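Me: I have a protein structure with a ligand in it. Can we go through how the ligand is held, one question at a time?

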Amino acid sequence: MNIILFDRDLRIFDHQPIAEAAKMGEVLPLYIIEPSQWEDAAYSVRHFQFVVESLEDLSHQIEKRGGKLFFSINKMCDVFEKLMEAYESINVFIHRNSRILKKVIEWMGKNQQRLFIYGAEIDQVSARGVKKQVQSYLDEPLIQAPDEIQVPEETPSILFTDMKKIYHFHVKGQRIRFGQQGGESRAIETLESFLEERCANYIVNQHKPLPSSFSSSRLSAYISWGNISVRTILQKTSEKLQLCENDDEKLQLEAFLSKLTSMMRTVCHPPEDKQIEEVSRIKKDWNEEWFQRWIEGMTGVPVIDAAMRSLVKTGWLNYTLREMVTSFIANTLLLDGQKPSAVLAQLYLDYDPALHDFYVQQITGLRTKKVKIANPVKISKQIDPEGGFIRRYISELETIPVEYVHEPWLYPAFYQLGYPPPMIDVVKANKLARQRFDSLTKQNKPSGKNGEGETGQLSFDI
Ligand SMILES: Cc1cc2nc3c(=O)[nH]c(=O)nc-3n(C[C@H](O)[C@H](O)[C@H](O)COP(=O)(O)OP(=O)(O)OC[C@H]3O[C@@H](n4cnc5c(N)ncnc54)[C@H](O)[C@@H]3O)c2cc1C
């Protein structure tokens, strides 16, 4: 039996495993809910909800072609054993980014069954090799979905098709209130609305908290869960670019394309033990109260609190805000970054382990000695001058005069606002952090604007 095993590739278009498996005749499209996967510290109910919405869409697409999507809530090995009992032999078709790929490779090897893995293999190649592989993947034509999907009439009882059974599967964390909904159809709509209209102010709005939520593509969650392939986005954008006669619009689309391809080239290797150890030496003792105040958006630093409250509600932040909240907890407050990183991962609907870990490591000094230490007050004045974002998410500051919105503690009637005073003096804390980070580098270079990291989008200083 030809098993198509889905994970972070919840779509039917430009999906090589489906296309290849369907050529062989009968197939069994399968999504396994492996309990241990959802117990991982980085995943939460908001991811699961997005996956369920994506599966509803995928199931509908498969049914339109005469097939069915099957589910199982079990360990992968148990499911595969039952499949072997039922069919004697199995071929598995899977994308390389599957979270259970390692386990599948191991099991298939041990049981001498045939495994077909698709997608660029970039983990073991040089930076130049990555570029070449990514390019050749992007240049290939899009893969059409099969017209017909034939599934077996008899399936082992460990599988089911009734989606209601997965709605009650328990996953930790907070449900999202105003987040994006999953599914291939939504992904395509989002791409179309971006290319037709929303991209107009992509560059100028990219750092601005509220405008960026409209002007940036908002495709990240769809990419992360595989509701759309990067190749589809890239090729549709390139087609639009070719037809485009407006130079300004071309610039917007080119900037977008460059970010999209940078994402494909991001390969995250674990940091070196020595670097982890050195950075951990300059950290303060763990402070649970600080950590909780940061999560709850009660640090007393408005832009940090607005960002964290917004993230809890929507599951998304732009790049600049992601950098800022990470830098605040790990650099300004000098707390160990591991727990904060897991909390952020749970909250970002688009959580992608490679991208998330790469940036967190970079910001917190685990990848590079050039650490950015963000001054949130200063950046807040640049990216949200009128304080619209702060007012939107911090009701306590809704009516504060604009000259105080970034530093409410200077407002004469501050204590009537019901908003906490800042938990630290950011400038002093950043100075201490800079000294400690500088002590790690041999040259002890002075801090300031030179401290920008590899992929900085804004110039931060203390
Ligand atoms: C600490 C930190 C953690 C991050 N974690 C994630 C994550 O888990 N998942 C994730 O998709 N992005 C992550 N990013 C990158 C970036 O912030 C998001 O991709 C972006 O905000 C998503 O919004 P968008 O789709 O509207 O982006 P757009 O600006 O419209 O970009 C289009 C696509 O390009 C890619 N992209 C955009 N910016 C970057 C970048 N700087 N580096 C690499 N790829 C990029 C994404 O796939 C994105 O969907 C992280 C950034 C930081 C600083």
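Me: How many residues surround the ligand?
Reply: This is a predicted model. A residue counts as near if one of its heavy atoms lies within 4 Å of the ligand. The closest are Tyr-202, Ser-216, Ser-217, Arg-218 and Tyr-359, and the number that surround the ligand is 28.

Me: Which residue has a polar side-chain atom 3.0 Å from an oxygen atom of the ligand?
Reply: The cut-off for a polar contact is 3.5 Å between N or O atoms. Leu-219 has a backbone N or O atom 3.2 Å from a ligand oxygen, and a side-chain N or O atom of Arg-322 is 3.4 Å from a ligand oxygen. The pair at 3.0 Å involves a polar side-chain atom of Trp-316.

Me: What share of the ligand's area does the protein bury?
Reply: Start from the ligand taken alone, which exposes 830 Å². Of that area, the protein buries 97%.

Me: Which helix gives the most residues to the shell around the ligand?
Reply: The elements that each give two or more residues are helices H11 (220-224), H13 (247-265), H17 (319-332) and H19 (353-363). With 5 residues, the one that gives the most is H13.

Me: Why does the ligand lie between two domains, and which are they?
Reply: The shell around the ligand takes residues from both 184-265 and 273-451. The ligand therefore lies between domain 2 and domain 3.

How values were computed. Residues are numbered from 1 along each chain as its sequence is written. This is a predicted model: local features need pLDDT of at least 70, side-chain atom pairs count only at pLDDT 80 or more; totals for chains, interfaces and linings use all residues. Side-chain values use heavy atoms; hydrogens and water are left out. A polar contact is a pair of N or O atoms within 3.5 Å; within protein, one must be able to donate a hydrogen and the other to accept it, and residues adjacent in sequence count only if both atoms are side-chain atoms. Accessible areas come from the Shrake-Rupley method with a 1.4 Å probe; for residues, only the protein chains shown count as cover. Helices (H or I, at least four residues) and strands (E, at least two) are DSSP runs, numbered from the N terminus. Domain bounds come from an automatic or database domain assignment.
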